[in-house]
Amino acid sequence: MVKIKTLLMMALMFLAIGCQQLTREQIIEKQAHEKMKQIEKEGLQRIQQQIVNNLKYPESYESISTDMSIVTSDMVIYDSHAFVALRDLERAMKNFNELYGNDSTSQEARNELNAMKTLRGIVRDRAHVLGNRPVEFEGIDVYHQFYANDRPGHKAKKGYHYIFHKDNRTTLLCDDEEFQRVKTFARQMLKDAPYLH
């Protein structure tokens, strides 16, 4: 009788432990950990080979480091539509200042201002959409740094951001210099929107 009660109590304890619900953050962490293991097993070698194949001097490739971070569905900087619009808007604003200065009256300047207004609208709309849906695991940002010759005898440090999506797609986001520039611009433009961490 005591044995049966003990077994029943243990079974109830295991059932209670097994039925505990994970928080959204714990689910994302779990999915991310599994994805990172998969990337370490298969993905890193694939992106390194892709990088080497695209180098002007492939024999000069020398890996430095690879960092991984979690990408969630609310991170504006990783949304492809928002990223392209942010990148294009940042470039357009820089070019506008160089080409037109304070001129906003010429037809060319007005056309450029209208194009920038459209891009700004796209970014704000995407940020609004992303910020108003449940946060889910989207993928892993793999930032790979390496040395490679950009001309004979001149080794340069380079780095690229790849996104390994949860649906097993892999996309090259951009090089680190562009990523940092767009991220800084995004933080200035959308002060309250989520970005990386």
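Start by selecting Tyr-100 in this predicted model: at 22% relative accessibility, Tyr-100 counts as partly exposed, because the buried class covers residues under 20%. Now add Phe-96, which is buried, with a relative accessible area of 8%. Show both rings. Phe-96 and Tyr-100 make a tilted aromatic pair, 5.0 Å from centre to centre with 40° between the planes. Both sit in helix H3, 4 residues apart, so about one helical turn separates them.

That is one of 4 aromatic pairs in the model. For another, select Tyr-78 and Phe-179. These rings are tilted too, with centres 5.9 Å apart and planes at 35°. Which parts of the chain does this pair tie together? Tyr-78 belongs to the loop between E1 and H3, while Phe-179 is in helix H5 (residues 176–189), so the contact joins parts 101 residues apart in sequence. Check the surface here: Tyr-78 counts as buried at 11% relative accessibility, and Phe-179 is buried as well, at 2%.

While the aromatic side chains are on display, pick out Tyr-61, Phe-146 and Tyr-160, which form one aromatic cluster.

Keep Tyr-78 selected and move to the largest pocket. Tyr-78 is among the residues that lie nearest the pocket's centre, together with Asp-79, Ser-80, Glu-138 and His-165. In total, 18 residues line this pocket, and its volume is about 300 Å³. Colour the lining by class and you should get 8 nonpolar, 5 polar and 5 charged residues. Next, colour by element. Strand E1 (62–72), helices H3 (80–100) and H4 (107–131), and strands E3 (154–165) and E4 (170–175) each give at least two residues to the lining. Which element has the largest share of the lining? That would be E4, with 3 residues.

So much for the pocket; stay with E4 and bring in its neighbour E3. The two strands run antiparallel and are joined by 5 bridges. To find one of the bridge partnerships, select Phe-164 and look across to Thr-170 in E4. E3 and E4 form a hairpin with 4 residues between them. Click on Asn-168 in that turn, where phi is positive, at about 75°.

Time for charges. Side chains of opposite charge can pair when their charged atoms come close. How many salt bridges does a search of the whole structure find? The search finds 9.

Since E3 is already in view, select Lys-155 and Glu-62. Their side chains meet in a salt bridge at 3.2 Å, N to O. This pair links distant parts of the chain, with Glu-62 in strand E1 and Lys-155 in strand E3, 93 residues apart. Glu-62 is partly exposed at 39% relative accessible area, and so is Lys-155 at 40%.

Now go back to helix H5 and select Glu-178 and Arg-181. The two form a salt bridge, 3.9 Å from N to O, and lie 3 residues apart in H5, about one turn of the helix. Are they buried or partly exposed? Arg-181 counts as partly exposed at 31% relative accessibility, whereas Glu-178 counts as buried at 12%. Add Glu-90 and Arg-91 to see a network of salt bridges linking these two residues with Glu-178 and Arg-181.

Last stop: helix H2 (residues 24–54), where Lys-30 and Glu-34 lie 4 residues apart, about one turn of the helix. Their closest N and O atoms are 3.9 Å apart, in a salt bridge. Glu-34 counts as partly exposed, at 45% relative accessibility.

Definitions and conventions: Residues are numbered from 1 along each chain as its sequence is written. This is a predicted model: local features need pLDDT of at least 70, side-chain atom pairs count only at pLDDT 80 or more; totals for chains, interfaces and linings use all residues. Side-chain values use heavy atoms; hydrogens and water are left out. On a 1 Å grid over the protein atoms alone, a cavity is a set of points where a 1.4 Å probe fits but cannot get out, and a pocket is an open set with protein on both sides within 12 Å along at least five of seven lines; lining residues have an atom within 4 Å of a point. Grid points are joined across faces, edges and corners, and a volume is the space filled by probe spheres set on the points. Ala, Val, Leu, Ile, Met, Phe, Trp, Tyr, Cys and Pro count as nonpolar, Asp, Glu, Lys and Arg as charged, and the others, Gly among them, as polar. Two strands pair if DSSP finds at least two bridges between them. Rings of Phe, Tyr and Trp (its six-membered ring) pair if their centres lie within 6.5 Å; planes under 30 degrees apart count as stacked, over 60 as edge-to-face and the rest as tilted. Buried means under 20% relative accessible area, exposed over 50%, partly exposed in between (1.4 Å probe, protein chains only). A salt bridge is a side-chain nitrogen of Lys or Arg within 4 Å of a carboxyl oxygen of Asp or Glu.
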